[in-house]
Amino acid sequence: MPKHLFIDPATARASGFIDSPRIPLCQYATPIGDELNRYGKTALVGVLEDMVLIREFETMLHKIKMEGSYEGVKYEHAGPAHLSIGQEASSVGQALELGIDDHIFGSHRSHGEILAKGMSAIRKLSEADLDKVMRGFDSGAILKVIEPGFSGSGKALATRFLVYGALAEIFARVPGFNKGLGGSMHAFFTPFGIYPNNALVGGSADIAMGASLFKRVNGKPGIVVANIGDASMGCGPVWEALNFASMDQLTKLWPEHRRGGLPIIFNFMNNMYGMGGQTVGETMGFQVLARIGLAVNPDGMHSERVDGYNPLAVADAVRRKKALLASGKGPVLLDTLTYRYSGHSPSDASSYRDKAEVEAWQAVDSINGYAEQLKKAGILDDAGIQGVKDRAKALMLAVLPLAIDPVKSPRIQPEEIGKLMLSNRTVEKLSDAKPELLDVSENNPRIKQIAGKVRSLVGQNPAPAKAKQYNVSDGIFEAMLHHFRTDPTMAAWGEENRDWGGAFGAYRGLTEALPYHRLFNSPISEGAIVGAGVGYALAGGRAVVELMYCDFLGRAGDEVFNQMAKWQSMSAGVLTMPLTLRISVGSKYGAQHSQDWVAMVAHVPGLKVAFPATPYDHKGILHSALSGTDPVVFFESQRLYTQAEVFEKDVPAGFYTVPEGQPAIRRVGQDVTIITLGATLYRALEAAELLAKQGVSAEVIDLRWAVPLDYDILVQSVKKTGRVICASDACERGSFMHTVAGGLTKACFGRLDAPPIVIGARNWISPCAEMENDYYPQAAWFLDAIHEQLLPLKDWKPVTNQTTGEALKRARAGI
């Protein structure tokens with residue numbers, strides 16, 4: 001544990017120098033004869049076949065994009081096509097040494113990696129296994145298109161399956177690998193170990209790291225490769241991923257049977273350009289990308305520059321690095337030198353580089369160079385080489401018409417996309433392995449403490465002392481512990497999860513209950529915290545990740561909004577996302593630690609969003625999240641961690657769930673409906689008491705959820721009262737409560753006596769703790785708003801200006 005890692009000032013302040021390991025640069029020099037002995041003739045010819053297959057596939061795409069036809073087959077493709085023509089050796093060489101259990105993640109420029117890894121899998125699997133994969137995937141949808149009239153071998157059929165599945169996906173067709181919802185930049189096929197490719201530059205770095213974390217935590221075989229570009233070295237999440245993967249705890253603090261560096265290769269496909277910027281000499285300062293590893297750990301990440309124009313040099317490096325990873329010495333950084341002949345995309349005329357430069361690289365083309373090696377070794381002659389090229393072209397001419405046929409390869413029906421946004425499954429555990437635990441007995445300090453608490457204040461008069469009241473924090477702990485005991489894959493991490501006890505102590509007691517690899521402290525790297533959770537979930541595990549403050553969500557924006565939210569739907573249901581993100585909504589800590597961004601998260605399709613306000617709901621909703629397969633953003637208010645249960649007669653010690661999307665009526669009333677989300681519930685209840693003294697009966701409803709949200713209870717209440725206030729602690733402008741108010745206006749328009757009112761925090765920065773009552777909604781604000789906009793209160797003197805005129809005045813001022 002960290003407290004046992006003594007930091008000695010004498011050692012820390014000692015004088016000296018750091019010696020860095022040497023970094024090899026393009027050192028491969030193995031004769032082709034030795035490689036023939038290693039791989040055999042068939043495999044070496046297969047390398048050429050795969051390189052030519054990729055070249056012809058992308059040449060076809062290039063011609064379709066630029067000319068509207070390929071070898072007489074006409075087609076207009078409106079979507080993207082980021083081509084890797086020139087980079088084939090780097091993909092094929094890598095795949096040569098990868099097995100089915102080795103998983104690759106890629107970028108927007110990964111057609112070649114998909115085909116290379118797919119062909120590698122086809123060569124390694126038996127025909128029986130391939131037949132099982134093809135017939136089992138999507139109920140054999142691809143086979144139904146490509147098998148009629150085909151008379152070749154099982155391996156040849158599998159090759160057609162791979163090429164058609166990828167091309168149909170690029171052309172947004174239902175029989176594509178992901179029903180056309182991934183497209184060119186996101187296509188993948190997990191049965192062959194091809195995991196999601198990412199349109200965000202560097203986006204695969206922390207996700208692939210999370211997948212390798214899953215392998216380490218759960219003892220799974222194989223390695224993970226993050227194929228990212230050299231320009232991604234300018235992206236924060238990439239640096240975060242390198243650091244996260246190199247944490248000392250992996251080799252020093254984790255249990256012996258799980259100890260070791262993460263089994264991941266960060267493979268930079270270094271084509272020396274990022275868009276139109278040149279990474280050497282212009283937009284970066286590393287000069288040799290492999291140097292980056294020296295900044296990460298004492299091993300320099302075993303960094304190496306590899307000649308990516310020689311497939312066998314790449315294969316040699318991958319083989320050696322896999323051996324390092326197998327011995328627990330990861331992570332690894334590879335700088336795979338290559339070059340793309342085409343522009344960033346078809347719209348890129350490459351005006352930023354000289355034609356002579358492109359021609360110089362084409363003069364040493366990797367396919368021609370490798371074919372020449374095979375000729376000199378007597379492995380293949382000119383006729384054999386031409387045969388390889390002819391077969392690749394014939395395959396394209398066989399597959400392309402199928403992929404563009406609107407009957408055989410239709411596009412998805414629009415409404416079907418909505419059905420794929422969420423999986424809505426209930427899964428108790430994601431593995432049948434025995435969960436690894438430490439002290440979960442009654443002697444665990446937190447379990448013992450909770451056993452002595454009163455679980456509800458309902459009927460308790462007088463109420464027990466605060467320390468004896470079961471609270472929100474206890475509910476979170478019990479739900480987490482239940483699922484740690486149930487699901488062996490579940491792991492949790494964040495900036496202070498272990499020893500400290502998680503944000504605001506909710507995890508106290510879990511340190512004693514769990515081994516290090518299931519609950520650990522992460523670097524202060526919000527992007528990688530969430531990105532690792534995405535990769536962990538995609539790989540087959542359940543993750544709970546934590547951001548200490550909602551304000552830190554901005555640091556993880558891409559991972560939450562583009563990754564966590566989208567991979568289930570972009571995979572067309574092939575993947576699930578059992579990832580729960582706990583976010584604490586702050587107060588008292590000023591402008592950068594006190595914001596409520598529920599609206600921002602709820603705006604993004606693909607996420608479930610909860611914000612409970614009671615111990616019963618925190619526990620029950622967390623149970624729901626941790627029993628499902630969807631990504632859930634679970635908001636918690638720092639105002640409520642010590643809040644006791646005052647609505648339910650008991651918070652059960654065992655398992656129970658709260659129905660998704662169901663609001664709860666907290667107080668029954670007849671004259672006005674008050675709807676709240678989060679901690680504002682308790683201010684609304686105070687307001688209801690004050691209103692009662694004015695002779696006004698208020699019905700108070702706690703939303704509990706933002707997404708999904710069942711409006712039925714809300715509509716029934718508003719139709720009864722004719723008046724509604726929607727309130728939360730978020731800034732009023734853009735608040736999620738405006739969405740609720742808008743929905744109720746549409747549903748109840750004819751039954752409303754006045755427009756809905758939205759109350760929120762002032763549209764300012766949140767001020768110091770001493771001024772928060774002037775910033776967040778208070779009980780009096782509700783009465784002020786009712787008095788000014790809904791019905792006059794005879795004995796009420798407004799303390800704030802809640803008139804419509806004042807709201808419009810503030811809007812003009814931008815506040």
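This report walks through selected sheets, helix pairs and loops of a predicted model.

## The five-stranded sheet

Let's start with an open sheet built from five strands, which follow one another in the order 17-19-18-21-22 with mixed pairing. Its edges are strand 17 (664-667) and strand 22 (757-761), each of which pairs on one side only. From one strand to the next, the twist averages 25°.

At one of these edges, strand 21 (residues 724-731) pairs with strand 22 in the parallel sense, over four bridges. If you would like a residue pair to look up here, try C726, whose bridge partner in strand 22 is V758. Helix 29 (residues 779-790) packs on this sheet and touches strand 18 (672-677), strand 21 and strand 22. The direction of helix 29 makes about 150° with that of strand 22.

## Helix 26 against helix 29

Helix 29 also has a helical neighbour to look at. Its axis and that of helix 26 (residues 680-693) come within 7 Å and cross at roughly 55°. Helix 26 is therefore oblique to helix 29, and the crossing between them is right-handed.

On the helix 26 side, the contact is made by T680, R683, A684, E686, A687, L690 and L691. Helix 29 contributes A779, F782, L783 and I786. By residue type, this contact divides into eight nonpolar, one polar and two charged.

## Helix 5 against helix 8

A second helix pair is found earlier in the chain. Helix 5 (residues 111-124) packs with helix 8 (residues 154-170) at an angle of about 155°, and their axes are 10 Å apart. Angles over 145 degrees count as roughly antiparallel, so that is the description that applies to helix 5 and helix 8. Their crossing is right-handed.

Helix 5 brings H111, I114, L115, G118, M119, I122, R123 and K124 to the contact, while helix 8 brings K155, A158, T159, L162, V163 and I170. Sorted by type, the residues of this contact comprise eight nonpolar, three polar and three charged.

## Strand 13 and its partners

Strand 13 (residues 543-547) is mostly covered, with five of its five residues buried. In a regular strand, side chains alternate between the two faces of the sheet. In strand 13, A543, V545 and L547 point one way and V544 and E546 the other way, and all of them are buried.

Strand 13 pairs with strand 11 (residues 491-494) through three bridges, and the two run parallel. There, A491 has A543 as its bridge partner in strand 13. Strand 13 also pairs with strand 14 (residues 579-585), again in the parallel sense, this time over five bridges. In that pairing V544 stands opposite T580 of strand 14.

## Buried positions in helices

Helix 4 (residues 88-96) is mostly covered too: nine of its nine residues are buried. The buried residues of helix 4 include charged-type E88, along with S90, S91 and Q94.

D316 is a residue of helix 13 (residues 311-326). With a relative accessible area of 11%, D316 falls under the 20% cut-off, and so counts as buried. Measuring from C-alpha to C-alpha in the model, D316 and P652 are 58 Å apart in space, and 336 residues separate them in sequence.

## Cis peptides and positive phi angles

Two loops are worth a look for their peptide bonds. The bond from G330 to P331 is cis, with omega near 0°, and P331 sits in the loop between helix 13 and strand 10 (332-337). The bond from N461 to P462 is also cis, with omega near 5°. P462 belongs to the loop between helix 18 (445-451) and helix 19 (472-486).

Two other loop residues have positive phi values without being glycine. S139 has a phi of about 55° and lies in the loop between helix 6 (127-136) and helix 7 (141-146). S139 is exposed, with a relative accessible area of 59%. For Q287, phi is near 65°, and this residue lies in the loop between helix 12 (279-283) and strand 9 (304-307). Q287 counts as exposed because its relative accessibility is 55%, and the cut-off is over 50%.

Conventions: Residues numbered from 1 in each chain as written. Predicted model: local features only at pLDDT ≥ 70, side-chain atom pairs only at ≥ 80, totals over all residues. Heavy atoms only, no water. Pairing = 2+ DSSP bridges. Axes fitted to C-alpha atoms, helices over the stretch in contact; angles between N-to-C directions. Contact = heavy atoms within 4.5 Å. Parallel < 35°, antiparallel > 145°, perpendicular 65-115°, else oblique. Left-handed = near helix turned anticlockwise from the far one by under 90°. Buried < 20%, exposed > 50% of the residue type's maximum accessible area, 1.4 Å probe, protein only.
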